[in-house]
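Reader: I have just opened this one and would like some help finding my way around. Could you take me through it step by step?

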2 protein chains.
Amino acid sequence: MSQARGGNGGRPKRPTMVDVAREAGVALRTVSRVVNNDPTVGPEYVSKVEAAIAALNFRPDERARQLRTGVTGTIGAAVRRIAEVNPELAAIEQTARDCGLTLLAASTDFDEPREREILISMCRQRLDGIIVEPYGENHAYLQPELDAGMPLVAMDRPMSGISVDCVMSDNASGIGIAFHHLSQHGHRRIAYIGDSELVFSGRERAAAFRAALRAHGQPIEGLVHPGPITTERVCAALDTALHGDDPATALVTGNMDTTLTVLRCLGPQAAAQLAIVGFDEVPLADLLQPALTVVAQETFTIGRTAVELLRARMADPSRPVQTVVVPVTLKVRGSGELKP
Amino acid sequence: MSQARGGNGGRPKRPTMVDVAREAGVALRTVSRVVNNDPTVGPEYVSKVEAAIAALNFRPDERARQLRTGVTGTIGAAVRRIAEVNPELAAIEQTARDCGLTLLAASTDFDEPREREILISMCRQRLDGIIVEPYGENHAYLQPELDAGMPLVAMDRPMSGISVDCVMSDNASGIGIAFHHLSQHGHRRIAYIGDSELVFSGRERAAAFRAALRAHGQPIEGLVHPGPITTERVCAALDTALHGDDPATALVTGNMDTTLTVLRCLGPQAAAQLAIVGFDEVPLADLLQPALTVVAQETFTIGRTAVELLRARMADPSRPVQTVVVPVTLKVRGSGELKP
DNA sequence: GTGAAAGCGCTAACAC
DNA sequence: GTGTTAGCGCTTTCAC
């Protein structure tokens with residue numbers, strides 16, 4: 001039994017609360033109360049209204065409700081990639097769901113204009129709050145939104161140009177742990193390859209690695225290789241680190257992409273000889289030979305904390321801005337325990 | 001310079017078009033036109049309005065626009081997991097963006113009530129259309145939404161109880177290709193381990209594998225092992241297949257999870273001995289030893305096609321329902337070319 | 001070209 | 001308890 005179509009371009013008209021009220025023989029207000037589970041409605045009215053709703057297949061229009069009440073029940077997450085392994089995002093989704101919040105996730109895709117586009121769009125949609133894994137270098141354009149009361153939380157990296165809540169891993173400790181672990185296994189020459197120092201985490205981790213070298217009385221030359229993660233750049237860095245006069249016997253890789261690129265550059269044979277500790281968990285790390293020792297971020301905690309910070313700010317817009325640093329954990333699997 | 005706060009719970013009031021109109025000394029209508037880039041506005045008005053918008057940091061409220069115009073410019077994607085590697089979702093997001101559509105993605109998380117909840121919620125939000133990777137067994141409850149004109153497209157699997165557009169891989173051909181490939185490399189006894197036949201793809205793939213065995217005049221006993229993907233079940237199936245009187249020398253795995261579970265059950269040594277062709281691409285397949293030969297789905301095509309089907313239906317709700325079958329491709333990498 | 005007024009579908013004051 | 005009424009912020013007929 002197909003519905004009659006309205007005149008608006010072939011799309012059938014949906015019943016509204018007015019239609020339901022008419023069908024049930026009650027006032028519009030009563031329908032609204034039933035829909036919102038207001039306990040002060042007489043049971044006979046409830047059943048009449050529910051019957052009408054079922055008869056007409058009425059579904060309340062969420063947009064109208066949002067416009068009227070002012071809240072959307074939706075938070076936004078602007079992350080680098082949805083549709084990739086992203087435990088932070090998974091945690092955000094689950095936590096949001098547990099709080100009764102809908103999640104609108106979008107990929108900034110390592111593109112600054114796109115990030116801006118997404119954030120502005122989320123603001124125009126008047127989402128209840130936004131979590132962003134910032135990519136761009138300047139977010140001052142969001143100041144008016146902040147002034148207008150839009151709750152905003154940065155994840156994994158701080159934002160520049162504005163002051164917002166932030167949750168991220170303890171990058172410095174992670175690098176220190178990796179260095180120390182390799183050092184404990186007898187390595188004297190330990191090299192670092194990681195992301196560009198133009199990137200926040202690349203900057204923090206490279207700096208932490210230099211600090212570790214200094215703390216162990218090691219020279220820095222030839223051992224610290226931050227830069228873009230391309231096959232060429234990484235292979236060249238590997239070459240410098242491993243084939244100099246005083247070659248490194250162990251390696252710390254600064255993020256997942258670096259780790260994978262290094263493994264591909266080395267090839268299975270060489271990779272099995274070199275002690276490696278990666279920063280960031282790697283998918284299938286246990287199936288590699290040797291299995292990969294990594295410094296794992298508490299990604300789930302980070303995502304959950306991001307939502308909690310956001311909700312705290314939604315509840316109290318005037319609370320002081322807060323930065324939460326989440327510890328990291330060493331996962332010992334084999335590659336980091338190879339002897340020099 | 002902090003804004004004055006409205007009385008609504010500490011959240012400052014945002015300027016509306018009325019405020020902009022007053023500030024600019026023009027009519028509300030004129031502001032609307034400027035915001036929507038209506039070319040029939042005098043340039044001096046445009047600049048006056050734009051100045052007012054900038055002065056007040058006005059952002060049009062998307063919800064109100066949507067309510068008035070009836071369209072949201074947003075499509076929904078209910079997939080099993082966002083935040084996991086999901087090339088279909090990545091393709092959906094990119095294609096949607098290219099079409100000027102916002103994407104609202106949510107994880108059904110292998111949970112039928114949750115899937116239902118998400119889909120109903122998307123309908124209540126009056127999204128312009130929904131793409132769903134169906135999980136539940138009965139979607140008849142969506143019939144009223146279909147009748148009300150909600151465009152709906154199934155991805156990877158058909159939906160049951162309702163008739164909607166669908167895009168999915170050619171499962172049967174994929175299994176045939178895998179079998180044929182192993183057969184060509186000299187294998188006579190080829191086993192299959194895959195997902196439960198309660199699942200659509202598990203059903204299709206197991207059936208296709210039986211058909212392949214029959215076509216090659218092979219017996220079926222002991223070679224076809226569909227079932228839940230647990231370590232115990234898969235290891236037991238492996239045991240049966242590989243350690244009988246007439247052991248299999250090659251294996252077809254029915255999906256990614258099966259492939260990974262098999263590799264973990266076998267361990268590196270045994271895995272290197274057994275010819276394996278996996279259905280579905282596996283992350284880091286190239287880093288394994290031997291690298292994994294797989295039948296890869298054209299995931300990007302599937303996602304793009306889903307959006308295209310959805311847009312076609314949005315444009316013409318009365319067009320005939322269509323199912324698109326996307327071919328699969330063999331990726332030769334090593335594991336499928338081992339001799340018996 | 002611009003301006004007043006109606007209304008998208010819902011919720012929340014108010015009286016009854 | 002229930003019904004009437006006035007909006008939420010925007011777009012869009014219509015006259016001007």
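Author: We can go through the aromatic rings and then the surfaces near the DNA strands, bearing in mind that this is a predicted model.

Reader: Okay, rings then. How many aromatic pairs are there over all chains?

Author: Over all chains, the structure holds six aromatic pairs. One of them joins Phe110(A) and Tyr135(A), and because the ring centres are 6.0 Å apart with the planes at 85°, this pair is edge-to-face.

Reader: And which parts of the chain does that pair link?

Author: Distant ones, since the two residues are 25 apart along chain A. Phe110(A) belongs to the loop between strand S2 (102-107) and helix H6 (112-124), while Tyr135(A) belongs to the loop between strand S3 (129-132) and helix H7 (143-147).

Reader: Is Phe110(A) buried, exposed or partly exposed, and what about Tyr135(A)?

Author: Phe110(A) has a relative accessibility of 37%, so it counts as partly exposed. Tyr135(A), at 35%, also counts as partly exposed.

Reader: Now for another pair: how do Phe179(A) and Phe209(A) sit towards each other?

Author: They form an edge-to-face pair, with 5.4 Å from centre to centre and 70° between the planes. This pair, too, links distant parts of the chain, with Phe179(A) in helix H8 (residues 171-184) and Phe209(A) in helix H9 (residues 200-215) of chain A, 30 residues apart.

Reader: Buried or exposed, that Phe179(A)? And Phe209(A)?

Author: Phe179(A) counts as buried because its relative accessibility is 2%, and Phe209(A) is buried with a relative accessible area of 0%. Together with Tyr192(A), Phe179(A) and Phe209(A) form one aromatic cluster.

Reader: Which residue has its charged end over the ring of Tyr141(A)?

Author: That is Arg116(A), whose charged end sits 4.3 Å from the centre of the Tyr141(A) ring. Elsewhere in chain A, Lys48(A) lies over the face of Tyr45(A), at 5.3 Å from the ring centre.

Reader: Switching to the DNA, which residues are closest to strand C?

Author: DNA strand C is surrounded by 24 residues, and the closest are Met17(A), Arg68(A), Arg33(B), Thr40(B) and Tyr45(B). Of the atoms of DNA strand C that come within 4 Å of the protein, sugar and phosphate account for 60%.

Reader: What lies 3.0 Å from the side chain of Arg68(B)?

Author: A base nitrogen of DNA strand C is at that distance from an N or O atom in the Arg68(B) side chain. Another contact uses the protein backbone, where a polar atom of Ala27(B) is 2.7 Å from a phosphate oxygen of DNA strand C. As for the elements, helix H2 (28-35) and helix H4 (62-69) of both chain A and chain B each give two or more residues to the surface near this strand, and the largest share, four residues, comes from H4(A).

Reader: And strand D, which residues are closest there?

Author: Among the 24 residues that surround DNA strand D, the closest are Arg33(A), Tyr45(A), Arg68(A), Met17(B) and Arg68(B). Sugar or phosphate holds 65% of the atoms of DNA strand D within 4 Å of the protein, and the rest belong to bases.

Reader: Which polar contacts go to its phosphate oxygens?

Author: They include a polar side-chain atom of Thr30(A) at 2.6 Å, a polar side-chain atom of Ser32(B) at 3.0 Å and a polar backbone atom of Asp61(B) at 2.8 Å. For the surface near DNA strand D, H4(B) gives the most, with four residues, and by class that surface has 10 nonpolar, seven polar and seven charged residues.

Technical notes: Residues numbered from 1 in each chain as written. Chains lettered and ligands numbered in written order. Predicted model: local features only at pLDDT ≥ 70, side-chain atom pairs only at ≥ 80, totals over all residues. Heavy atoms only, no water. Phe/Tyr/Trp six-rings, centres within 6.5 Å; stacked < 30°, edge-to-face > 60°. Buried < 20%, exposed > 50% of the residue type's maximum accessible area, 1.4 Å probe, protein only. Lys NZ or Arg CZ within 6 Å of the ring centre and 35° of its normal. Near = heavy atom within 4 Å. Polar contact = N/O pair within 3.5 Å; in protein donor to acceptor, adjacent residues only side chain to side chain. Nonpolar A, V, L, I, M, F, W, Y, C, P; charged D, E, K, R; others polar.
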